[in-house]
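This report describes helix packing and selected residues in one chain. The sequence and the model are shown first.

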Amino acid sequence: MENRQQWGSRYGFIMAAVGSAVGLGNIWRFPAVAYENGGGAFFLPYLFALLTAGIPILIMEFTIGHKYRGSAPLSLFRINKKAEWLGWWQVLISFVICTYYAVIVAWAIKYTIFSFGTQWGSDPGKFLFGKVLKLSDKPGEIGSLVPGVVIPLLFVWAVTLFVLYRGVSKGIEKLNKIFLPTLVVMFMIIVVRAVTLDGATEGLNAFFKPNWDMIFNGKVWIAAYGQIFFSLSIGFAIMLTYSSYLPKKSDISNNAFITAFANSGFELLAGIGVFAALGFMAKQQGVPIDEVVSSGIGLAFVVFPSIINEFPGMNGLFGVLFFLSLVFAGMTSLISIVETFVAGVQEKFNVSRTKAVLTGGLVATVISLLFATNGGLYLLDVVDYFINNFGVVLAGLVEVLLIAWFFKELNGLQSHTNEVSDIRIGSWWKVCISFVTPLVLGYMMFDNIRQNVKQNYESYPTSLILYAGLFVVAATIVIAILLSIKGWNSSEKTSEKKEVA
């Protein structure tokens, strides 16, 4: 539509795109993945994956959004009417992710407050699972709401929906212009302090020391592609939606390279900070570094509080900086995730942005309360695992197959990109999208299925796996197909040729 919202500046768009990519996974997933897959040697497959999958898919999604100028469902509908369901599937994957992602941000807010006086005490694990989450004994038991989690969760949603209500340039862009530079400054302070600690050198040696033997292990290369895929926010409608708000004269390929390398730069910074701190912890406890390496929720809310406890002086300040970094990284990503379905609902049902934000936000808030119950952590773990490994990966695979092979869109997308970009893309881009990415994602799907047929994820009860895992993934596909059956309003159809001309 001609009155479509736009970013106020190129800098604003890049801040928003990088803000979406830089999330919790950069801080708590990448360092451990790199360490477990060859240390310094991992950076070779990581860089290869970035250049052959991450940046090519980012360019493809930026181009689709920019050329067809719509939300994911509308843009894919304009490519081919049979592709609309894929757009809705990606939007619904984002919807599921936002319902539990907001809860983790709420935990980070609580821990920012707990950092004053290191309120988690000498046993951070017991404090997290017992006092904060009030975790039920058996996985699968939902239990009752935990007020201590519900209150910050409602605050997270209030801020998120207010920013989205303000719109693209006045809301999302403004927040990212403040949050992202602040996040980088805070994390730089953490890194500078961490590398000066006793034992930091041993931690950094463990992180960077290359184990070249692992280069020949296929699992290392798959881990590299997986990290790139999950980290760059590709495959679930975010980058496609964000790029649809770009002005018509925008350098697409350059924006993609800047976004990708900025994201990777922050991952490297996070790795340095985390492993310097882990080296300090290992030295304090007199144990090898591999005994303290962790990732995910355990690293953030158990290991790091333990590290902070050992800090010489002003440990509360270090805690505030670390958990506030998680809040800022989480918020910029959460807002981008929620924007995908706000845009989709707004265009499909021809409603105002305010109605789309309130309706989608209210439903997401209610569902997210399930993760603020006694059994919320188990539920979150299963939903996160299945929606990423069987939702995001499969949706990404279907996306590249449809665009490259079924609808044969690559030549048109390449021409569009090259018309507006300084960095021209050639045959390497088409080879990566047509062959490299489908092969890697296809193998990842095969390996995921093989592992889950062999045994239940984390040995959880089959009932929990079925309703929180497989049912959720299947529901996103079914609802996506149902949404695609409803026709678009006439104004969207009539603007189709005008927009893509």
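## Helix packing and selected residues

Gly316 is buried (under 20% relative accessible area, with over 50% counted as exposed and values in between as partly exposed, for a 1.4 Å probe and protein chains only), and its relative accessible area is 16%. This glycine belongs to helix H15; helices here are DSSP runs of H or I with at least four residues, and strands are runs of E with at least two, both numbered from the N terminus. Gly316 lies 40 Å from Ala356, C-alpha to C-alpha, and the two are 40 residues apart in sequence.

The model is predicted, so local features need pLDDT of at least 70 and side-chain atom pairs count only at pLDDT 80 or more, while totals for chains, interfaces and linings use all residues. Residues are numbered from 1 along each chain as its sequence is written, and side-chain values use heavy atoms, with hydrogens and water left out.

### Helix pairs

Two packed helices are described by the angle between their axes and the distance between the axes. The axes are lines fitted to C-alpha atoms, for helices over the stretch in contact, and the angles run from 0 to 180 degrees between N-to-C directions. Three pairs are listed here.

| Helix pair | Axis distance | Axis angle |
|---|---|---|
| H15 (residues 315–348) and H16 (residues 353–368) | within 9 Å | roughly 130° |
| H11 (residues 218–231) and H19 | within 11 Å | roughly 105° |
| H9 (residues 168–195) and H13 | 8 Å | about 35° |

The axes of H15 and H16 cross at roughly 130°. That makes H15 oblique to H16; angles under 35 degrees count as roughly parallel, over 145 as roughly antiparallel, 65 to 115 as roughly perpendicular and the rest as oblique. The crossing of H15 past H16 is right-handed, a term used if the near helix is turned clockwise from the far one by less than a right angle, with anticlockwise giving left-handed. In H15, Glu339, Phe341, Val342, Val345 and Gln346 meet Arg353, Ala356, Val357, Gly360, Gly361 and Ala364 of H16, where contact means heavy atoms within 4.5 Å. By class, the H15 contact with H16 holds six nonpolar, three polar and two charged residues. In this scheme Ala, Val, Leu, Ile, Met, Phe, Trp, Tyr, Cys and Pro are nonpolar, Asp, Glu, Lys and Arg are charged, and the others, Gly among them, are polar.

For H11 and H19, the axes cross at roughly 105°. That makes H11 roughly perpendicular to H19. Lys219, Ile222, Tyr225, Gly226 and Phe229 of H11 meet Val436, Val440, Leu441, Tyr443, Met444, Asp447 and Arg450 of H19. The class count for this contact is eight nonpolar, one polar and three charged residues.

H9 and H13 pack at an angle of about 35°, and their crossing is left-handed. H9 contributes Leu183, Val184, Phe187, Met188, Val191, Ala194 and Val195 to the contact, and H13 contributes Phe266, Leu269, Ala270, Ile272, Gly273, Ala276 and Ala277. The contact of H9 with H13 has 13 nonpolar residues, one polar and no charged residues.

### Buried residues

Ser231 lies in H11 and is buried, with a relative accessible area of 6%. Apart from neighbours within four places in sequence, Ser231 is in contact with Ala21, Asn26, Asn263 and Glu267.

In helix H18 (residues 410–420), the buried residues are Leu410, Leu413, Gln414, His416, Thr417 and Asn418. The buried residues of H18 pack against helix H4 (43–68), helix H13 (252–285), helix H17 (376–406) and H19.

### Aromatic pairs

The structure holds 45 aromatic pairs. In one of them, the ring centres of Phe301 and Phe323 are 5.9 Å apart and the planes lie at 15°, so the pair is stacked. Rings of Phe, Tyr and Trp (its six-membered ring) pair if their centres lie within 6.5 Å, and planes under 30 degrees apart count as stacked, over 60 as edge-to-face and the rest as tilted. The pair links distant parts of the chain, with Phe301 in helix H14 (residues 296–310) and Phe323 in H15, 22 residues apart. Phe301 is buried at 0% relative accessibility, and Phe323 is buried at 0% as well.

### Positive phi in two loops

Asn350 has a phi near 55°, a positive value in a residue other than glycine. Asn350 is found in the loop between H15 and H16 and is exposed, with a relative accessible area of 53%. Glu458 is not a glycine either, and its phi is positive at about 55°. Glu458 is found in the loop between helix H19 (427–454) and helix H20 (462–485), and is exposed at a relative accessible area of 53%.
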